[in-house]
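Student: I have a structure open and would like to go through it with you. Can we start with the empty spaces inside?

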Amino acid sequence: MKRRIHIADKTQKVISIENLEKSFGTLHVLRGVDLEVFKGENVVVLGRSGTGKSVLIKIMVGLLKPDKGMVSVLGQQVDALNNNQLRQLRLKIGFSFQNSALYDSMTVRENLAFPLVRNFKQLTRKEISTATEKVLDDVGLLHTIDQMPAELSGGQRKRVGIARTLILQPEIMLYDEPTAGLDPITSLDINSLINEVQEQYHTSSIIITHDLTCARQTGDRIAMLLDGKFLTQGTFEEVFDADDERIQSFYNYNFITADETS
Amino acid sequence: MAFNLKNKNLQKVRRHLISPRLDEFFSGVYRLYKFILEFFKQLFRPPFEMQEVARQCYEVGYRSLPLISLTGFIIGIVFTKQSRPSLQEFGASSWLPSLISIAVIRALAPLVTALIAAGKVGSNIGAELGSMKVTEQIDAMEVSATNPYKFLVVTRVLATTLMLPVLMMYTALVAMMGSYLNVHANELTSLRSFLDSGFSTISFLDIFSSIFKTMIFGFTIGIAGCYQGFNATQGTQGVGRAANAAVVASMFMIFVEEMIIVQIVNAIR
C-alpha cells in the first residue's frame with residue numbers, strides 16, 4: 001500500500017501539549033512531553049510497550065489527570081474543564097480503543113447508535129438508523145449491523161470500533177494500537193481505513209502504535225517516545241535515518257521480526 | 001549510612017496516617033460513601049434511562065423467578081414440617097398457619113430473597129461491570145460523552161431496589177403455598193381457614209417493614225455489585241474478584257441491616 005501524504009494546516013493547532021508529566025505511584029511514565037498536532041495532520045506516537053503512549057491520549061480526553069503540564073485540545077485546557085464542557089469536547093474527539101471496547105451486550109447497530117441516542121435527543125429513529133448504516137458502510141461492514149460483537153473477527157471489531165467514533169463526526173481521532181493483535185493483511189486494511197477516515201472526515205489524528213508499517217503508512221509525522229519524553233519528531237525517514245542507537249534498534253527489531261515472520 | 005537508612009524508614013512510615021491496612025480500609029469507606037452519594041446526585045438528574053431501568057428490572061426480577069420459586073416453596077414445606085412436632089407437643093398445631101405466616105413475612109421471605117439475589121444478581125452485576133471495566137467499555141462510554149455511572153449504576157441499583165420487594169412478596173406467597181400444601185395434607189385445613197388463620201396475626205407494620213427492609217437490601221446488593229465492578233482491576237482475575245467481593249459484601253451488609261431494622265421495628269411495635 002502506498003503512503004498517503006495529508007496536507008496539514010500549519011496555522012491551526014488542534015492539540016498542544018507542554019511539559020506533560022504523569023506518574024503512577026513511584027513509576028514516572030511521562031516526564032515532560034511536548035507535542036503539537038495541526039489540523040489535518042496524522043501524528044504517529046511510536047514507542048515500546050509501557051512507555052506511556054496510551055496514557056498520553058487518555059489524558060487528552062480527560063480519562064486521566066496529568067500531574068503537571070498543560071494539555072490543550074481544540075483550544076480548551078482539558079484538566080480545567082467542568083463535566084459539561086468536557087462532555088462537549090469529547091463529542092469532537094473519536095477514541096478507538098486497543099481492544100475496540102465494543103459493548104458486549106448490544107448489537108453492532110445498538111453500539112453505533114449508543115452515543116447518538118444519548119447526545120442528540122432531537123434525532124428521530126430513522127435519522128439514527130440512516131447515520132448508523134452510513135458509517136458502517138464507510139468501514140465496509142454494513143452486513144454485520146445486526147450481529148453481536150462476539151460474532152465479529154478481530155479486524156471487524158476494530159472497524160466497528162472506529163465506526164462508532166465516526167458517527168459523532170469527530171474533528172480529532174485518537175487510535176490506540178489500531179493494528180495490535182491483527183494479522184499483516186488485516187493490519188494493512190486498518191491502515192488504509194485510517195487514511196480513508198482522514199480524507200473523508202477531514203480529521204486530525206494521533207495514532208499510538210509500535211508497528212512500524214502502520215507508522216510508515218499512516219503518519220505524516222512520527223514522534224518517538226522514549227523514557228517518558230519524545231526523543232525525536234519528524235517524517236518517517238527523518239526519524240529512522242538518525243544515527244541514534246535506540247531508534248535504530250527499534251527499527252531493526254521491528255523489521256527483522258517482520259522478516260522472520262514472513 | 002545508618003542515618004540514611006533510618007531516614008528512609010521514617011519516610012516510609014510517614015506515608016500512612018495510621019497503618020497501611022487501616023488507611024486503605026478508611027479510604028475504601030470514603031470511596032464507597034462518594035459512590036453512594038453520586039447515586040443520589042445522578043438519580044434525579046436527566047436524562048432518565050427508563051428503557052435500561054426496565055431491562056434491568058426484567059433481568060433482576062423475571063430471571064430470578066425460577067430459583068426464588070423453588071427456594072420459597074421448599075422453605076414453606078420444610079419450615080412447616082419442622083415446626084409441627086414442637087407445636088403438637090402443646091396441642092397447638094392449629095397455630096401452624098399463624099406461626100408460618102409470621103416467620104415467612106417478618107423474616108424468612110425478606111432474608112431468603114435478599115440472600116438469593118445477592119448470590120445471583122449481585123455476582124452478575126459485579127462480573128458484568130468488572131468485565132466492562134477491564135475491557136475499557138466503561139472508558140468507551142465516557143469518551144463518547146455518556147455518563148457511565150448514570151447508564152450502568154443508577155439503572156441497576158434502581159432495578160434491584162424496586163424489584164427486591166416484588167420478589168420478596170412473591171417468595172412469601174410461594175412459601176405460604178408450600179406450607180398450605182403440607183398443612184392441608186396433614187391437618188386437612190381448607191385454604192380459606194389457612195389464610196384466615198395465617199393473616200389474622202399479620203399487621204400492616206409487618207408488611208410495611210418487610211417491604212422497606214427488602215428495598216434496603218436491594219439497594220445494598222445493587223451498590224455493592226456496581227461498586228466492586230466499577231473498581232475491578234487486573235484483567236479476568238479482577239472480574240472474578242469483583243463478583244466474589246460483591247456477594248460477600250452484600251451478604252455481610254444484609255445481615256447487619258437485618259439486625260438493625262429488627263431492633264427498630266420491635267421498638268416501634
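Student: What is the split of nonpolar, polar and charged residues in the lining of the second largest cavity?

Tutor: This is a predicted model. In it, the lining of the second largest cavity has 5 nonpolar residues, 1 polar and 2 charged.

Student: Which residues are they?

Tutor: The lining is made of A:Ile59, A:Gly62, A:Leu64, A:Lys65, A:Pro66, A:Val71, A:Val78 and A:Asp79. The space they surround comes to about 50 Å³.

Student: How many cavities are there of 30 Å³ or more?

Tutor: A search of the whole structure gives 3. The largest has a volume of about 100 Å³.

Student: Which helices and strands each supply at least two residues to the lining of that largest one?

Tutor: From chain A, β6 (93-96) and α5 (154-166), and from chain B, α6 (137-143). The largest contribution is that of β6(A), with 3 residues.

Student: And which residues come from chain B?

Tutor: B:Ala140, B:Val143 and B:Ser144. Chain A lines the cavity too, with A:Arg90, A:Phe97 and A:Tyr103 among its residues. The whole lining divides into 7 nonpolar, 3 polar and 2 charged residues.

Student: New topic: helix α6 of chain A. How many residues does it have?

Tutor: α6(A) covers residues 184-201, which is 18 residues. From first C-alpha to last it reaches 25 Å, close to the 26 Å expected at 1.5 Å a residue.

Student: What happens at its start?

Tutor: A side-chain oxygen of A:Asp183 comes to within 3.0 Å of the backbone nitrogen of A:Ile185. Just after the helix, A:His202 has a positive phi of about 55°.

Student: Which of its residues are buried?

Tutor: Among them are A:Ile190, A:Leu193, A:Ile194, A:Val197 and A:Tyr201, and also A:Asn191 and A:Gln198.

Student: What do the buried ones pack against?

Tutor: Several elements of chain A: β3 (42-46), α4 (125-138), α5, β7 (172-176), β8 (204-209) and α7 (212-218).

Student: One more residue, A:Thr144. Where does it lie?

Tutor: A:Thr144 is in the loop between α4 and α5 of chain A.

Student: Is A:Thr144 buried or exposed, and why?

Tutor: A:Thr144 counts as buried because its relative accessibility is 0%, and the cut-off for buried is under 20%.

Student: What does its side chain reach?

Tutor: The side chain of A:Thr144 reaches the backbone oxygen of A:Leu141 at 2.7 Å. Leaving out residues up to four places away in sequence, A:Thr144 touches A:Val108, A:Leu136, A:Leu152, A:Gln156 and A:Val160.

Key
Residues numbered from 1 in each chain as written. Chains lettered and ligands numbered in written order. Predicted model: local features only at pLDDT ≥ 70, side-chain atom pairs only at ≥ 80, totals over all residues. Heavy atoms only, no water. 1 Å grid on protein atoms, 1.4 Å probe; cavity = no way out; pocket = protein on both sides within 12 Å on 5 of 7 lines; lining within 4 Å. Points joined across faces, edges and corners; volume = space filled by probe spheres on them. Helix = DSSP H or I, 4+ residues; strand = E, 2+ residues; numbered from the N terminus. Nonpolar A, V, L, I, M, F, W, Y, C, P; charged D, E, K, R; others polar. Expected span 1.5 Å × (residues − 1). Buried < 20%, exposed > 50% of the residue type's maximum accessible area, 1.4 Å probe, protein only. Contact = heavy atoms within 4.5 Å. Polar contact = N/O pair within 3.5 Å; in protein donor to acceptor, adjacent residues only side chain to side chain.
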